[in-house]
Amino acid sequence: MKTFHIELPNEAIRTSLVDKINNLTKPKGSLGRLEELALQIGLIQQSLSPVLSKPQNIIFAADHGIVEEGVSLSPKEVTWQQISNFLHGGAGINFLCRQHGFELKIVDAGVDYDLPYEQGIINMKVRKSTRNYLHEAAMTEEEMELCLERGAEVVKQCHAEGCNVISFGEMGIANTSASSMWMTYFTGIELSKCVGAGSGLDNAGIRHKYEVLKQAMDNYKGDASPRDIIRYFGGYEMVMAVGAMLQAAELKMVILVDGFIMTNCMLAASKLYPEVTAYAIYGHCGDETGHKLVLDAMGAKPLLNLGLRLGEGTGAVCAYPIVVSAVRMINEMDNFAHASITKYF
């Protein structure tokens, strides 16, 4: 069993961080969320002068057996077709990575296609698609372990390259269905409130998706432990992202959390290691039904609300300039004493 050693940030530095932030040339608390972010990142890095270096966005891609039940508007070949788009630089995440200086890595976790690895895709394929969890577990115990290990391996490589702030995205037709299953089991929120349109289902499509997932819940005969729920209903790309998040937290990296699917991956990770959430910054609240509910259930405060529901890491990378602003604030603003300004709060 893959284990991680995740520690909560040492609180000893908190008082000094708060003192530094409060003595910047501004009314106390007047930079709001920037002050909260600066404190969080300072705690993560155990530094009064935190630094963000070599940001990377990792896309994990895989197919899902449940797609056979018509739970997605998009056919499963869109998974590999969109990977081709990533490679050619034409996807939403591509322009955002270019704009904000992120390196983009694409990982095949379980795509049902023979991908062109020579073009730079990282081959960590566990199997060509998960199984259909309407009838059986999506993956075996061994496959789940492989996903956790391989997700962690990717992050170790990023860290070795000097990256200390990382975001994760996904590509996998029908992965909002798997996310809805994790959400209902891990939060107790009624399944109907966890199921949304995904890539564009109409009301009848959403109803069918709900009925399929409800039947999958009724058919499930496992022990309902976090590991079993993750294994039974998860996608290879999602479990790989869980392993990646846990490894990033162990390495004390800042984790930028994207939309509905990645938020549920962070939720799943927290059921295995609750300390992981101390390293998480939530990029946005998206339009997918259930995203706000799962964020609220986790006590998470997203930075943006732009109606995004693309995935790929787009919301996380889009929010990155705000994180940069928080770090620049604590490093570049003068303090009252040095600037010879009387405290005005």
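In this predicted model, helix 10 and helix 11 are a handy place to start: their axes come within 9 Å and cross at roughly 60°. An angle like that falls outside the ranges for roughly parallel, roughly perpendicular and roughly antiparallel, so helix 10 and helix 11 count as oblique to each other. Their crossing is right-handed. On the helix 10 side, the residues that meet helix 11 are Met 238, Ala 241, Val 242, Met 245 and Leu 246. Helix 11 answers with Ile 261, Met 262, Cys 265, Met 266, Ala 268, Ala 269 and Leu 272. Sorted by class, that makes twelve nonpolar residues, with no polar and no charged ones.

Helix 10 (residues 236–250) also packs against helix 6 (residues 175–187), with the axes coming within 10 Å and crossing at roughly 55°. Here too the verdict is oblique, because of the crossing angle. From helix 6 come Asn 175, Ala 178, Ser 179 and Trp 182, and they meet Glu 237, Met 238, Val 239 and Val 242 of helix 10. The mix in this contact is five nonpolar, two polar and one charged. Met 238 and Val 242 of helix 10 turn up in the contact with helix 6 and again in the one with helix 11.

Helix 11 (residues 260–272) has a further partner in helix 12 (residues 291–298), where the axes lie 10 Å apart at an angle of about 25°. With the cut-off for roughly parallel set at under 35 degrees, helix 11 and helix 12 therefore count as roughly parallel. The crossing of these two is left-handed. Phe 260, Thr 263, Asn 264, Met 266 and Leu 267 make the contact from helix 11, while His 291, Val 294, Leu 295 and Met 298 do so from helix 12. Six of these residues are nonpolar, three are polar and none is charged. Met 266 takes part here as well as in the contact with helix 10.

Next comes the sheet. Six strands make up an open sheet, in the order 3-2-1-4-5-6, and the pairing is parallel. Strand 3 (122–123) and strand 6 sit at the edges with a single partner strand each, so one side of each has no neighbour in the sheet. Further in, strand 1 (residues 56–62) runs parallel to strand 4, and six bridges join the two. Ile 59 stands opposite Gly 169 of strand 4.

Strand 4 (residues 165–171) pairs with strand 5 as well, in the parallel sense and over three bridges, and Val 165 stands opposite Val 254 of strand 5. Strand 5 then pairs with strand 6 (residues 280–282), again parallel and over three bridges; there, Val 257 has Tyr 282 as its bridge partner. What covers strand 5 (residues 254–257), one face or both? Both faces are covered, with Val 254 and Leu 256 buried on one side and Ile 255 and Val 257 buried on the other.

A last stop is Ile 66, in the loop between strand 1 and helix 3 (77–87). Ile 66 has 0% relative accessibility, and therefore counts as buried. Beyond its neighbours within four places in sequence, Ile 66 is in contact with several residues, including Val 71, Arg 131, Asn 132, Tyr 133 and Leu 134. Ala 174, Ser 177 and Val 212 are also among them. Ser 177 is 111 residues away from Ile 66 along the chain, yet their C-alpha atoms are separated by 8.1 Å.

Note on methods:
Residues are numbered from 1 along each chain as its sequence is written. This is a predicted model: local features need pLDDT of at least 70, side-chain atom pairs count only at pLDDT 80 or more; totals for chains, interfaces and linings use all residues. Side-chain values use heavy atoms; hydrogens and water are left out. Axes are lines fitted to C-alpha atoms, for helices over the stretch in contact, and angles run from 0 to 180 degrees between N-to-C directions. Helices (H or I, at least four residues) and strands (E, at least two) are DSSP runs, numbered from the N terminus. Angles under 35 degrees count as roughly parallel, over 145 as roughly antiparallel, 65 to 115 as roughly perpendicular and the rest as oblique. A crossing is left-handed if the near helix is turned anticlockwise from the far one by less than a right angle, and right-handed if clockwise. Contact means heavy atoms within 4.5 Å. Ala, Val, Leu, Ile, Met, Phe, Trp, Tyr, Cys and Pro count as nonpolar, Asp, Glu, Lys and Arg as charged, and the others, Gly among them, as polar. Buried means under 20% relative accessible area, exposed over 50%, partly exposed in between (1.4 Å probe, protein chains only). Two strands pair if DSSP finds at least two bridges between them.
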